[in-house]
Amino acid sequence: MKIHFEGAARTVTGSKHLLETENGVKILLDCGMFQGQESEKGRENHHFGFDPADVDMLILSHAHIDHSGLIPKLVKDGFNGPIYCTEPTKALCQIMLTDSAYIQMSDYKYAHKNGFSSQSSEPLYDIDDVLQTLELFKTLSYDNWHHLNDDVALLFTYIGHIIGSGCINLRIKEGKKTHRIAYTGDIGRKTHRIIKGWKPFPQAEIIITESTYGDRLHGNIGTNEEQLLKIVHETCVENKGKLIIPAFSLGRTQEIVHALDKMESAGLLPPVKVFVDSPLSTSATEIVKSFPEYYNKDIKKYMERDSQPFGFSNLHYIRDVKYSKLLNKLNEPCIIISASGMIEAGRILHHVANNIENERNTLLIVGYCEPSTLGGRLRDGAKEIKIYGRELKVKARIEILDAYSAHGDYEEMIEFLSCQEPHLIRKLFLVHGKYETQMIYKDHLSQAGFHHIEIPERGDVVEITI
Ligand SMILES: [Zn+2]
């Protein structure tokens, strides 16, 4: 068996790992988009590093676009096999991929009209490609081994990252041998605010695991909710400003909304309007609401008192662009939650452009941003930025709350992996992390008793023998 690492290798976007058996069967794990349009990575989306027509099946860990966003291009370029995932992942991909096609098309039109060469590349796929892609999805339950064919069995176990996310466990026969492989996708926090947390997964010999926060500890959730409340008070009550929160439509938006909902129920939230300004975030919240069977005990208990954990009187979800534009003219303190989370596309770009030069406002970054993205540059302290050709001075306060990350920190990731006997693991591959972070995480893992750790680069092909 060979593993081809074709994305999220020494970086955090573009997850794509291809397993190839000696019989020539090819199984792709995730098919994510590289993000960061101004960077080299924007162009990396045009080349897979393998022929999509040769891939037999795709297994999808979860619906985030850096894991699913290139599936329609895979189909457009010749893939025609089944796409296995959980039921919520399919429901979410339907809206995520449609939105991705729409954003690419509208960015292309906008850039073309205004002559921005950096965004002038053609869309990677269109709505028709997305519709064709959705036909290929096949949903599977958690906690059951599914025999995909005579040689391949698949088990999704809970990983606690976003609704529908799963750790992919595989048993692949190759002649008389059976490979036991686990691909974690993204690992959630130990305590998730909404969904069920991670569960132990069967012993594997080959593990491919993420490492986003391999060098950091997040602090506990309660402390960060206090910090969030403090930032709301300082911005909206003391400074009478606007609090702008870029957030992934899926996962983080619902967590922030639920945190604000709890504050409102407890009478702690000041009486300011809260807007979720994103059609995608609004649709994603509807989907999360439609799968309560995946909620954890805490939120179920909370719902005995408040049946709407993502809704309160001052909260408004905005789909229509006409109402989104009215927010620019709103002359009162408010909270605006909008996508995309890394401030690369979507309505958040307009909100940042309109509010970043006012020192009364705060931009609150609530999770990891790839360094080349606008969110990453602001996170790293940029004093000047450019949005749609406008030069802007950063005068608003920039705050960071990493505890709202949907990724575990290094202690949590190691605790998740502790269900494994380290001496039975023959290779542990670190993916989905910056190289410097991965080197530090490798040390933490070694100290925890894990060995045979490798950090592949994009294009690396590793031969696995038994
Ligand atoms: Zn994710």
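Before I point to any loop, let me say that helices here are DSSP runs of H or I with at least four residues, that strands are DSSP runs of E with at least two, and that both are numbered from the N terminus. Please also keep in mind that what we are looking at is a predicted model.

With those terms in hand, we can start at Ala8, which sits in the loop between strand S1 (2–7) and strand S2 (16–20). Although Ala8 is not a glycine, its phi is positive, at about 50°. Is Ala8 buried or exposed? Its relative accessibility is 0%, and because buried means under 20%, Ala8 counts as buried.

A second residue with a positive phi, although again not a glycine, is Tyr388, where the angle is about 45°. Tyr388 belongs to the loop between strand S17 (384–387) and strand S18 (390–393), and since its relative accessibility is 23%, it counts as partly exposed. The reason for pausing on such places is that most residues other than glycine have a negative phi, and most peptide bonds are trans.

That brings me to a peptide bond that is cis, namely the one from Ala339 to Ser340, whose omega is near 10°. If you want to find Ser340, look in the loop between strand S15 (334–338) and helix H11 (348–355).

Now to the metal: which residues are the protein donors of the zinc ion? They are His62 through NE2, His64 through ND1, His161 through NE2 and Asp186 through OD, and they lie 2.1 to 2.3 Å from the ion. Along the chain these donors follow the spacing H-x1-H-x96-H-x24-D. Within that pattern, His64 and His161 link distant parts of the chain, being 97 residues apart: His64 is in the loop between strand S4 (57–59) and helix H2 (65–68), while His161 is in the loop between strand S8 (152–158) and strand S9 (166–174). Both His64 and His161 are buried. As for the geometry, the 4 donor atoms subtend angles of 91 to 167° around the zinc ion, and therefore the arrangement is irregular; to count as tetrahedral, four donors would need all angles between 85 and 135 degrees.

Finally, let us turn to Arg193, which is placed in the loop between strand S10 (177–183) and strand S11 (206–210). With a relative accessibility of 7%, Arg193 counts as buried. Its side chain makes a polar contact of 3.3 Å with the side chain of Glu225, and a polar contact of 2.6 Å joins the side chains of Arg193 and Glu255.

Note on methods:
Residues are numbered from 1 along each chain as its sequence is written. This is a predicted model: local features need pLDDT of at least 70, side-chain atom pairs count only at pLDDT 80 or more; totals for chains, interfaces and linings use all residues. Side-chain values use heavy atoms; hydrogens and water are left out. Donors are N, O and S atoms within 2.8 Å of the metal (3.2 Å for Na, K and Ca); water is not among the atoms, so sites may look incomplete. Four donors count as tetrahedral if all angles lie between 85 and 135 degrees; four count as square planar and six as octahedral if opposite donors are over 155 degrees apart and all others between 65 and 115; anything else is irregular. Buried means under 20% relative accessible area, exposed over 50%, partly exposed in between (1.4 Å probe, protein chains only). A polar contact is a pair of N or O atoms within 3.5 Å; within protein, one must be able to donate a hydrogen and the other to accept it, and residues adjacent in sequence count only if both atoms are side-chain atoms.
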